[in-house]
Amino acid sequence: MGLTRLGLWLKRLCILLQVAVEVAVGKVLMTLFPERVKQNILAMGQQTGMARNPQFTHDNWIPTFFGIQYFWFILKVRWQRLEDMAEYGGLAPNCPVVHLSGQKSNIWDFMQG
């Protein structure tokens, strides 16, 4: 059981490094080639439908890419996805559960040993 927790922390460290590199490279590219990065982000926005909303202009959301809030959000989402995945013989996802008394906790709170 300890090795799988160690494996989880190693995966988290790997994700942290990956997100840090992605944000740093994105910030550099946005500084050096702002128009090209804007075109790429707008193309992604067209695919998701975000760019088609007339009340949500690209000037509102493009500057937020590759900032510190972006970094923490992406890191949180990727770590959460990592915890939500179940592997055969690995740890169960740390899902929230509610006791019959109404108290909230997580599955890992019930682990023994």
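Two residues are in contact here when they have heavy atoms within 4.5 Å. Keep that in mind as you work through this predicted model.

**Exercise 1. Find the partners of methionine 30, then place this residue in the core.**

Step 1. Set aside the neighbours within four places in sequence; methionine 30 is then in contact with Val37, Ile41, Ile62, Phe65 and Phe66.

Step 2. Now look at the largest nonpolar core, which has 16 residues. Met30 is among those with the most contacts inside this core, along with Val19, Ile41, Phe65 and Phe66.

Step 3. Which elements give two or more residues to this core? They are α1, α2 and α4 (68–84). The biggest giver is α1, with five residues.

**Exercise 2. Describe the second largest pocket, from its space to its lining.**

Step 1. Start with the space: the second largest pocket holds about 180 Å³.

Step 2. Next, pick out the residues around it. The lining is made up of Val25, Gly26, Leu29, Val37, Asn40, Ile41, Met44, Phe65, Phe66 and Tyr70. Two or more of the lining residues come from each of α1 (2–32) and α2 (34–48).

Step 3. Which element gives the most to this lining? That's α2, with four residues.

Step 4. Sort the lining by class, and you get eight nonpolar residues, two polar ones and no charged ones.

Step 5. Compare with the core from Exercise 1. Ile41, Phe65 and Phe66 are named in the lining of the second largest pocket, and these residues also appear among those with the most contacts inside the largest nonpolar core.

**Exercise 3. Decide whether serine 105 is buried or exposed, and look at what surrounds this residue.**

Step 1. Locate serine 105: you'll find this residue in strand β2 (residues 104–106).

Step 2. The cut-off for buried is under 20% relative accessible area. Serine 105 has 12% relative accessibility, so this residue counts as buried.

Step 3. Skip residues up to four places away in sequence, and serine 105 touches Cys95, Pro96, Val97, His99 and Phe110.

Step 4. Which side chain makes a polar contact with that of serine 105? It's the one of histidine 99, and the contact spans 3.0 Å.

**Exercise 4. Work out why isoleucine 74 counts as buried, then relate this residue to alanine 20.**

Step 1. Isoleucine 74 sits in helix α4.

Step 2. Isoleucine 74 counts as buried because its relative accessible area is 18%, and the limit is under 20%.

Step 3. Along the sequence, isoleucine 74 and alanine 20 are 54 residues apart. In space, their C-alpha atoms are 9.9 Å apart.

Key:
Residues are numbered from 1 along each chain as its sequence is written. This is a predicted model: local features need pLDDT of at least 70, side-chain atom pairs count only at pLDDT 80 or more; totals for chains, interfaces and linings use all residues. Side-chain values use heavy atoms; hydrogens and water are left out. On a 1 Å grid over the protein atoms alone, a cavity is a set of points where a 1.4 Å probe fits but cannot get out, and a pocket is an open set with protein on both sides within 12 Å along at least five of seven lines; lining residues have an atom within 4 Å of a point. Grid points are joined across faces, edges and corners, and a volume is the space filled by probe spheres set on the points. Ala, Val, Leu, Ile, Met, Phe, Trp, Tyr, Cys and Pro count as nonpolar, Asp, Glu, Lys and Arg as charged, and the others, Gly among them, as polar. Buried means under 20% relative accessible area, exposed over 50%, partly exposed in between (1.4 Å probe, protein chains only). A polar contact is a pair of N or O atoms within 3.5 Å; within protein, one must be able to donate a hydrogen and the other to accept it, and residues adjacent in sequence count only if both atoms are side-chain atoms. A nonpolar core is a set of buried Ala, Val, Leu, Ile, Met, Phe, Trp, Tyr and Cys residues joined through side-chain atoms within 4.5 Å.
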